[in-house]
Amino acid sequence: MPPRKLKIEIQDQEGTKYVFSVEGHLTREKVAFLLDMMEKLGVLPEEEVIVRPEPRAEMTLYEKLKLVVEQYFPGLWFTTRDVKEAYEREFGEPIKLSTVSTYLARMAERGLLVRAGSSSARRYRLRAELVRPVSLRP
């Protein structure tokens, strides 16, 4: 899995600006630790925590394709063409089928996807343990 980047910028009531930047294997626990540390420093009141996702323009192609797979095909079998079409809908930009195929193969090699079928009838799906449960509560 590629390293993640998280940057938090905060300005306190006195006008002092704080910038926290973390890069690497981020987990919920690490992010919670960082937010707890900021709260203890008196920089961040608990009720003002707002987490914004990384801007799409700064995402790598791998991250964009991974996002498409996770959002459109959680626990479902899909083809390279399915991902190509979903990617073009989601990001409004063209992508070659061969490029999608290459990235899906990389995701399978890294253990993110399960791959099945011959090269002419290849199918993929997210590993079962990586599929996030869907909450129906508001």
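User: By class, how many nonpolar, polar and charged residues does the lining of the second largest pocket have?
Analyst: This is a predicted model, in which local features need pLDDT of at least 70, side-chain atom pairs count only at pLDDT 80 or more, and totals for chains, interfaces and linings use all residues. Residues are numbered from 1 along each chain as its sequence is written, and side-chain values use heavy atoms, with hydrogens and water left out. A pocket is an open set of points on a 1 Å grid over the protein atoms alone, with protein on both sides within 12 Å along at least five of seven lines, and lining residues have an atom within 4 Å of a point. By class, the lining of the second largest pocket has four nonpolar, five polar and two charged residues.

User: Which helix gives the most to the lining of the second largest pocket?
Analyst: The lining includes Thr79, Thr80, Arg81, Leu97, Ser101 and Tyr124. H3 and H4 each supply at least two of the lining residues (helices are DSSP runs of H or I, at least four residues, and strands are runs of E, at least two). With three residues, the most is given by H4.

User: Is Thr80 buried or exposed?
Analyst: Thr80 is found in helix H3 and is among the residues that line the second largest pocket. Because its relative accessible area is 12%, under the 20% limit (exposed is over 50%, partly exposed in between; 1.4 Å probe, protein chains only), Thr80 counts as buried.

User: What separation do the C-alpha atoms of Thr80 and Leu104 have?
Analyst: Leaving aside neighbours within four places in sequence, Thr80 is in contact (heavy atoms within 4.5 Å) with Leu97, Val100, Ser101, Leu104 and Tyr124. Thr80 and Leu104 are 24 residues apart along the chain, and their C-alpha atoms are separated by 7.5 Å.

User: Which element gives the most residues to the largest nonpolar core?
Analyst: This core, a set of buried Ala, Val, Leu, Ile, Met, Phe, Trp, Tyr and Cys residues joined through side-chain atoms within 4.5 Å, has 20 residues, and those with the most contacts inside it are Leu65, Phe78, Val83, Leu104 and Leu113. Two or more residues each come from helix H2 (61-72), helix H3 (80-91), helix H4 (97-109) and strand S4 (123-126). With five residues, the most is given by H4.

User: In what order do the elements of the chain run from the N terminus on?
Analyst: The chain has four helices and four strands. From the N terminus on, the order is β-β-α-α-α-α-β-β.

Definitions and conventions
On a 1 Å grid over the protein atoms alone, a cavity is a set of points where a 1.4 Å probe fits but cannot get out, and a pocket is an open set with protein on both sides within 12 Å along at least five of seven lines; lining residues have an atom within 4 Å of a point. Ala, Val, Leu, Ile, Met, Phe, Trp, Tyr, Cys and Pro count as nonpolar, Asp, Glu, Lys and Arg as charged, and the others, Gly among them, as polar.
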